[in-house]
Each structure stands twice: as C-alpha cells, then as structure tokens.
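Thanks for coming, everyone. Please have a look at the next slide, and then I'll walk you through it.

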Amino acid sequence: MGVQPNSDDAQLVNDLYSDAVTMILDYTHRDVLVGNMATYAKQLAVIVYNRLDTEGESSRSEGNISRSFITDIPEDIQRPLMRYRVASFKGLSQ
C-alpha cells in the first residue's frame, strides 16, 4: 500500500516535505539543499507526519502513560545538519 498520486494524502506528503525543507534551510541559513540535507528533510517530514494529531501539545498524560513531544528539529537531525550551517555575522558594520 502507498500513497496514490493526485490524492489528498499525496498532497499532504508533498506539503510536509516542503515544510521540512523550509525548516532545514532556515536552520542551516541556506537557500538550497546541499549534500545529504534532503535525507534529513525526509526524516523530519516523517516525524511531523507522526505528530499530526498532537499539534500544539508539548506533553500529554492518559491513564498511566505520559508522552512528551519535541517541538523543534530533533537533536538527532540537528547534529548532522551542523556541518551544513552557514555562519551569520550579526552586529558587524561594513
């Protein structure tokens, strides 16, 4: 089973991937994906998909089960993205 082309699910997947790419580019201060950044965008899109029903929540308790949610790019994705970050110099006059 998979996502059928031109379905609502296909549009959702495209939107989530596009949003993940934007988050990755914002984090790295870049305009285009380079190297393996697309792989991390896919991983982030899957994480965002899995969090769809928990939007706006940072934690939840039901019965004896407590869950907490990461609201930013997870550390295991941030760590490898560090090599792609472009330094920005703030406060320097030219």
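How many aromatic pairs does the count come to? The count comes to 0. The rule is this: rings of Phe, Tyr and Trp (its six-membered ring) pair if their centres lie within 6.5 Å, with planes under 30 degrees apart called stacked, over 60 edge-to-face and the rest tilted.

Some ground rules. This is a predicted model, where local features need pLDDT of at least 70 and side-chain atom pairs count only at pLDDT 80 or more, while totals for chains, interfaces and linings use all residues. Residues are numbered from 1 along each chain as its sequence is written, and side-chain values use heavy atoms, with hydrogens and water left out.

Now the layout. The chain has 3 helices and 2 strands. Starting at the N terminus, the order is α-α-β-β-α. Helices here are DSSP runs of H or I with at least four residues, strands are runs of E with at least two, and both are numbered from the N terminus.

Next, burial. Of the 94 residues in the chain, 26% are buried. Buried means under 20% relative accessible area, exposed means over 50%, and partly exposed is in between, with a 1.4 Å probe and protein chains only. The chain exposes about 7,300 Å². Carbon and sulfur atoms supply 48% of that area. The areas come from the Shrake-Rupley method with a 1.4 Å probe, and for residues only the protein chains shown count as cover.

What about contacts along the sequence? Take those with a separation of 6 or more: 53% of them join residues 24 or more positions apart. A contact means heavy atoms within 4.5 Å.

On to the core. The largest nonpolar core has 16 residues. Such a core is a set of buried Ala, Val, Leu, Ile, Met, Phe, Trp, Tyr and Cys residues joined through side-chain atoms within 4.5 Å. Which members touch the most other members? They are Ile24, Met37, Tyr40, Leu44, Ile77 and Leu81. Helix 1, helix 2 and helix 3 (75-81) each supply at least two residues of this core. As a general point, nonpolar side chains in soluble globular proteins tend to be buried together.

Look at Leu81. Setting aside residues up to four places away in sequence, Leu81 touches Ile24, Tyr27, Thr28, Met37 and Tyr40. Thr28 is in helix 1. Is Thr28 buried or exposed? Thr28 counts as buried because its relative accessibility is 0%. With the same four-place limit, Thr28 touches Met37, Leu81, Tyr84, Arg85 and Val86.

Arg85 also has a ring partner. Its charged end sits over the ring of Tyr27, 4.2 Å from the centre. For that label, NZ of Lys or CZ of Arg must be within 6 Å of the ring centre and within 35 degrees of the ring normal.

Tyr27 leads us to Gln78, in helix 3. Gln78 has a relative accessible area of 18%, so Gln78 is buried. Beyond four places in sequence, Gln78 touches Tyr27, Asp72 and Ile73. A polar atom of the Gln78 side chain lies 2.7 Å from the backbone oxygen of Ile73.

Asp72 is in the loop between strand 2 (65-68) and helix 3. With a relative accessible area of 45%, Asp72 is partly exposed. Outside the four-place window, Asp72 touches Arg51 and Gln78. Asp72 and Met23 are 49 residues apart along the chain, yet their C-alpha atoms are separated by 9.3 Å.

Met23 itself is in helix 1. Met23 counts as partly exposed because its relative accessibility is 29%. Neighbours within four places aside, Met23 is in contact with Leu44 and Ile73. From Met23 to Ala41 is 18 residues in sequence and 8.2 Å in space, C-alpha to C-alpha.

Leu12 is also found in helix 1. Leu12, at 30% relative accessibility, counts as partly exposed. Leaving out neighbours within four places, Leu12 is in contact with Tyr49 and Leu52.

Last, two backbone angles. Asn6, in the segment before helix 1 (8-28), has a phi near 65°, a positive value in a residue other than glycine. Asn6 counts as exposed because its relative accessibility is 83%. His29, in the loop between helix 1 and helix 2 (37-50), has a positive phi too, near 60°. At 41% relative accessibility, His29 counts as partly exposed.

Key: A polar contact is a pair of N or O atoms within 3.5 Å; within protein, one must be able to donate a hydrogen and the other to accept it, and residues adjacent in sequence count only if both atoms are side-chain atoms.
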